[in-house]
Amino acid sequence: MSAERRPLVAANWKMNKTTGEAQEFMRGFLPGAAAVAEDVDVVLCPPFTALRTVAQMAQGAGVRVGAQNMHEEDAGAFTGEVSAPMLLELGADAVVLGHSERRQHFGETDAALARKVPKALDAGLLPILCVGETEEEREAGETERKLRHQVQSDLAAVDAGRLAEVVIAYEPIWAIGTGKTATPGQAQAAIAFVRALVGDRDQGAARSVRILYGGSVDPGNAAELMALEDVDGALVGGASLDPERFLSIAAAARP
Ligand code: PGA
């Protein structure tokens, strides 16, 4: 956590919550959210179907809303896909791109991400780009190679002058949904490495770009992880489904 960068905490609900369940979450979340949102960028990423409802309810609380995926074209013959103008119309401010579950289960490629990230920026959506290594890659000493490949490829078409507008989430795949959080040392080292990769493109951007940690963040470990020098917040899955647990994580990001 650095005084230069405003913390950001994002909730990735994945394929959870009907619109009714999202409304129930918001009723529990909103009373405490506005105060936290004064000091922390708080982003809720519900499934597409609940985006409009969550965006409408979040208005006035300073809470932002994001999608979990986006196609890079505005419109066309891409069955099942959703575009940036569609998300903007629903009230989205942000979009998670390249989550490991999309890479693993839905064939999301670095080539597609290299188009999606600049598209999101051009459309006025805050891109939250996820990167991270598998357990086998970590054990084989391949973590840095993997991160270098993902960061360089996925941000290749982003102008150096706009790199600082991207949010990067370092999510070791072995820590996602497993209860096996990276140690503070592992998280700090990987995130400092990602920051240095941004620095290879632009030193100023490296100082400003916000890099989150994700992977089994919960109310018990959030403060320690977010206190790390290069960690600017968290991307939270499981623990973001409960309003009180997510509020307590977001509050832990307060500078
Ligand atoms: P988790 O998920 O917090 O449930 O580990 C994080 C993520 O996938 O973004």
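These legends accompany a set of close-up views of a predicted model.

**View 1. The ligand and the residues around it.**
Let us start where the ligand sits in this predicted model. The shell around the ligand counts 13 residues, and the closest are Lys14, His99, Glu171, Gly177 and Ser216. By class, this shell is made up of seven polar, four nonpolar and two charged residues. As for the site itself, the space that the ligand takes is the second largest pocket.

**View 2. Polar atoms facing the ligand oxygens.**
Which residue offers a side-chain N or O atom 2.7 Å from an oxygen atom of the ligand? Look for Lys14, whose side chain supplies that atom. The backbone takes part as well: a polar backbone atom of Gly177 lies 2.6 Å from a ligand oxygen, and a polar backbone atom of Gly238 lies 2.8 Å from an oxygen atom of the ligand. Taken alone, the ligand would expose 280 Å², and the protein buries 95% of that area.

**View 3. Ser216, a ligand neighbour with a positive phi.**
Ser216 is worth a second look, being one of the closest residues to the ligand. You will find Ser216 in the loop that runs between strand 7 (210–214) and helix 10 (222–226). Its phi is near 60°, a positive value in a residue other than glycine. Is Ser216 buried or exposed? With a relative accessible area of 17%, under the 20% cut-off, Ser216 counts as buried.

**View 4. Lys17, in the loop after strand 1.**
Here is another residue with a positive phi: Lys17 has a value of about 85°, although it is not a glycine. Lys17 belongs to the loop between strand 1 (8–12) and helix 1 (19–37). The relative accessible area of Lys17 is 19%. Because buried means under 20%, Lys17 is classed as buried.

**View 5. Asn69 and its partner Lys116.**
This view shows Asn69 in the loop between strand 3 (64–67) and helix 3 (84–90). Asn69 is buried, its relative accessible area being 7%. What does the side chain of Asn69 contact? Its partner is the side chain of Lys116, and the polar contact between them spans 3.0 Å.

**View 6. Arg195 and the backbone of Ala206.**
Now turn to helix 8 (residues 184–201), where Arg195 lies. Arg195 is charged by class, yet it counts as buried at 7% relative accessibility. A polar atom of the Arg195 side chain lies 2.9 Å from the backbone oxygen of Ala206.

**View 7. Val167 in strand 6.**
Strand 6 (residues 167–170) is home to Val167. This valine counts as buried, with a relative accessibility of 1%. To place it against another part of the chain, compare it with Ala112: the two residues are 55 apart in sequence, and their C-alpha atoms are 17 Å apart in space.

**View 8. Glu133 between strand 5 and helix 6.**
How accessible is Glu133, and is it buried or exposed? The relative accessible area of Glu133 is 0%, so the residue is buried. Glu133 occupies the loop between strand 5 (126–131) and helix 6 (135–139). A span of 78 residues along the chain lies between Glu133 and Ile211, and their C-alpha atoms are separated by 16 Å.

**View 9. Lys146 in helix 7.**
Helix 7 (residues 143–154) contains Lys146. The lysine has a relative accessible area of 14% and is therefore buried. For a sense of distance, pick Ala35 as a second marker: Lys146 and Ala35 are 111 residues apart along the chain, with 38 Å between their C-alpha atoms.

**View 10. Glu38, an exposed loop residue.**
We finish with Glu38, found in the loop between helix 1 and strand 2 (41–45). Is this glutamate buried or exposed? Glu38 has a relative accessible area of 62%, and because exposed means over 50%, it is classed as exposed. Val63 makes a handy reference point: Glu38 and Val63 are 25 residues apart in sequence, while their C-alpha atoms are 9.4 Å apart in space.

Key. Residues numbered from 1 in each chain as written. Predicted model: local features only at pLDDT ≥ 70, side-chain atom pairs only at ≥ 80, totals over all residues. Heavy atoms only, no water. Near = heavy atom within 4 Å. Polar contact = N/O pair within 3.5 Å; in protein donor to acceptor, adjacent residues only side chain to side chain. Areas by Shrake-Rupley, 256 points an atom, 1.4 Å probe, with all protein chains shown as cover. 1 Å grid on protein atoms, 1.4 Å probe; cavity = no way out; pocket = protein on both sides within 12 Å on 5 of 7 lines; lining within 4 Å. Sits in = over half its atoms within 2 Å of the grid points. Helix = DSSP H or I, 4+ residues; strand = E, 2+ residues; numbered from the N terminus. Buried < 20%, exposed > 50% of the residue type's maximum accessible area, 1.4 Å probe, protein only.
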